[in-house]
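Student: I am new to this structure and should like to be guided through it by questions. May we begin once it is on display?

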Amino acid sequence: TAAAIYQFLKESCNSSINADVSTFPACSVAGIPGVKKWYFASHFCSSDWEEINFDTQKNEDPLQTSIDECLAAIQNFEEDDNNSRESLSMTDIYDEAAESLHQLADKLPAPGSRAMVDIILQAVERDGPKLKDCLPAIGALKHLREWHSAQITIAANDSKGSWQKIADYLSADFVSSDNVMNIIDLKELWRGKIQIWARKFGSEVRFPEFCMKSTSAKTFSTAHLSSCFAARKEQQLRNTDALPEAVFHYYGPALEFLQMVVLSDLPSFFISDLEFELSLAGRSIKETSTLLLDQISSLSGKVGALFTLPCNVSSVVIPSPAQLSTKKWKEYMARKPKVITVPEIELKGESCRYYFLLQGNGSGGCKATLIHSASQINGTATLAAINGKLKTKAEETVSSFCISDFIKSLPRFCGEEIVQREKKLSHLQVFALKEYLSK
């Protein structure tokens, strides 16, 4: 099953790389978001997360090799005599599985959508294992669920008995073994909660199990602009050193509600062409989350709800914080807490924010439209305003306004020139802020 899922992911993720889907854009002048990657591990076969290889020219795949070695080891184990098999109890096997899962958890990066974890628990036994035998392994899965926001799915043909108790403890979903290939959604970009502050009472309400998915991207037409962009882009593809530096984005665990807005009060050029789908993550969803999504989806085209998503931008990979390690988890669970909470973690890097306008999509769902903000100093709002002028109908255009002269008067920046210009602007803003604070 592990080999089949790995091959399925390899084929699906490879096709999604070239698909026309929208992703979260840069929210800082520090650089562009890093390329999306997928990793895979089978806890009996892998001691580390292995990157899924899309290079079809390479005949040897490290993970496939490790899976083959694992299958060979299992076959050799089954061929051993009965005495050697009896010496290894089920408790020992689950203890080994727990230790392997904890090792994989410790090698995850810092929390954020950069590392969305999907766990598939394949149910081989119909009645499920005895809880006293597999408690360490279930605890390791609970560690991944609570502190690393892992989404756990149990693939079983029967959801009764021990499997139901395990699913309740892990807040896991059930699917039939035949649908195991449909568990992972490649369009998901973020998972988390929706948070609403009651400022008057100084309290908050959180609605769990939400996710944001990519949709078909809307291409932004630059046909009326200078053709030098196309030539410079082709040149950059040949010379990757000229491309902006790739940075790592760590998204916050919750979409934070700001306020209700009337669209007529929101300048049109702040509304981008990028739209995403907001939906419920998983299948075991709380009724309150479903009710909230229905309320947001019912918002008409004249009003919407404005939400913000915090994001940390770092030029280097942030390792998994020590507060989330297996050692800390075991110490925490030894105190037998009634409610499991995630330790407070402050990530290093530039703090930025995305702004989304949430409305109904007209077909019962919910769409999230990206709103340009001051932290996105990349000229997109200006280009949107220019694009709106170009799309203005001829009869609505003021006769004294000449579009061609207006376009010719615009400064022309291409490729690296834009990056350098934005860096200088960023340095100027920092200098101005320091001067202001010194006074």
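Student: Is Lys37 buried, partly exposed or exposed?

Tutor: This is a predicted model, in which local features need pLDDT of at least 70 and side-chain atom pairs count only at pLDDT 80 or more, while totals for chains, interfaces and linings use all residues. Residues are numbered from 1 along each chain as its sequence is written, and side-chain values use heavy atoms, with hydrogens and water left out. Buried means under 20% relative accessible area, exposed over 50% and partly exposed in between, with a 1.4 Å probe and protein chains only. The relative accessible area of Lys37 is 48%, so Lys37 is partly exposed.

Student: Where is Lys37 found?

Tutor: Strands (E, at least two residues) and helices (H or I, at least four) are DSSP runs, numbered from the N terminus. Lys37 is found in the loop between strand 1 (32-33) and strand 2 (39-40).

Student: How are helix 4 and helix 5 oriented to each other?

Tutor: Axes are lines fitted to C-alpha atoms, for helices over the stretch in contact, and angles run from 0 to 180 degrees between N-to-C directions. Helix 4 (residues 90-106) and helix 5 (residues 131-148) pack at about 15°, with axes 6 Å apart. Angles under 35 degrees count as roughly parallel, over 145 as roughly antiparallel, 65 to 115 as roughly perpendicular and the rest as oblique. Helix 4 and helix 5 are therefore roughly parallel.

Student: Which strands stand at the edges of the sheet in the order 4-5-6?

Tutor: Two strands pair if DSSP finds at least two bridges between them. This open sheet is formed by 3 strands with parallel pairing. One side is left without a neighbour in the sheet where a strand has a single partner, so the edges are strand 4 (118-122) and strand 6 (173-175).

Student: Which residue in strand 6 is the bridge partner of Ile154?

Tutor: Strand 5 (residues 151-155) runs parallel to strand 6, and 3 bridges join them. In strand 6, the partner of Ile154 is Phe174.

Student: At what angle does helix 6 run to strand 5?

Tutor: Helix 6 (residues 162-170) lies across strand 4, strand 5 and strand 6, where contact means heavy atoms within 4.5 Å. To strand 5, helix 6 runs at about 170°.

Student: Which residue in strand 12 is the bridge partner of Met260?

Tutor: Strand 10 (residues 254-262) pairs with strand 7 (residues 188-198) in the parallel sense. With strand 12 (residues 303-314), strand 10 runs antiparallel over 6 bridges. In strand 12, the partner of Met260 is Ala305.
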